[in-house]
Amino acid sequence: MRAIVLGVLLICTANILNAAEKIVLVAGGETAGFKEPFGLDFLPNGKIVLVEYIGHKVSMIDVDGKVSTYAGTGQKGFENGPADKAQFNGPHNLVVAKDGTVYVADTLNHLVRKIDPKTKMVTTFAGNGKKGFAGDGGAAKDAEFNAVFHIALDREQKNMYVVDMGNKRVRKIDLATGIVQTVAGNGKPGIPTEGAKATETPLSNPRSCDVDSKGRLYIL
């Protein structure tokens, strides 16, 4: 049986006057233990949302440090609908759009899920739920992914980048058209070739990515 790990969220603060950095407990530990927390982001109102990998849910921390469930029952599975009835399966990451929409990398369901900030309804944004690789050039909702590990938005929030770890690829979803395309990785494991075309070189277990202000994609 797998041990349950209770996580904590810490913040590193810098005092400008003496440049001393201090670690401060924000949430977790004995008061509100998280079950393997991974990615987090901030809602427009300043509250924190984070995913719990073996907690199978999205949690929220308000400005006073109070922890509550934002979406998910905590039971492993797949279910769309009201946030308090939705189910996730091993989420690893999330990202918050400017309008407060929360996108979740629902890793073991091989999906990107969407939480509407107004209705609190959970829907599937990308993926058909089948583990595999298919759908480039078509609608992201019909595509197949293999372990959606991380997602990121570009600065203008016109595109979403999906780390499709099991497929050794990073894929891009145009948020206006919903079309998905591979932008890095050829599906084979290996060390990337310096200077090679991004879609023709291998990747070795990509874990996360982000986009800078010039549109350059960085892959971990």
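This is a short chat about some strands in a predicted model.

Me: Let's start with strand β10. Is it buried or exposed?
Reply: Mostly covered: β10 runs over residues 102-106, and 5 of its 5 residues are buried.

Me: Which residues sit on which side of β10?
Reply: Val102, Val104 and Asp106 are on one side, with Tyr103 and Ala105 on the other. Both faces are covered. In a regular strand, side chains alternate between the two faces of the sheet.

Me: OK, and how does β9 pair with β10?
Reply: β9, residues 93-96, pairs with β10 in the antiparallel sense over 4 bridges. Val96 stands opposite Val102 there.

Me: What's in between those two?
Reply: They form a hairpin with 5 residues between them, and Gly100 in the turn has a positive phi of about 95 degrees.

Me: And how many bridges link β10 and β11?
Reply: 5 bridges, again antiparallel, with β11 covering residues 111-115. Tyr103 has Lys114 in β11 as its bridge partner. This hairpin has 4 residues between its strands, and the turn residue His110 has a positive phi of about 60 degrees.

Me: Switching topic: what's the strand order in the open sheet of 4 strands?
Reply: The order is β13-β14-β15-β16, with antiparallel pairing.

Me: Why is one side of β13 and of β16 left without a neighbour in the sheet?
Reply: Because β13 (148-153) and β16 (180-184) stand at the edges, each with a single partner strand. Neighbouring strands of this sheet are turned by 30 degrees against each other on average, direction ignored.

Me: Which residue of β14 stands opposite Ala152?
Reply: Tyr161. β13 and β14, residues 159-164, pair in the antiparallel sense over 5 bridges.

Key: Residues numbered from 1 in each chain as written. Predicted model: local features only at pLDDT ≥ 70, side-chain atom pairs only at ≥ 80, totals over all residues. Heavy atoms only, no water. Buried < 20%, exposed > 50% of the residue type's maximum accessible area, 1.4 Å probe, protein only. Pairing = 2+ DSSP bridges. Axes fitted to C-alpha atoms, helices over the stretch in contact; angles between N-to-C directions.
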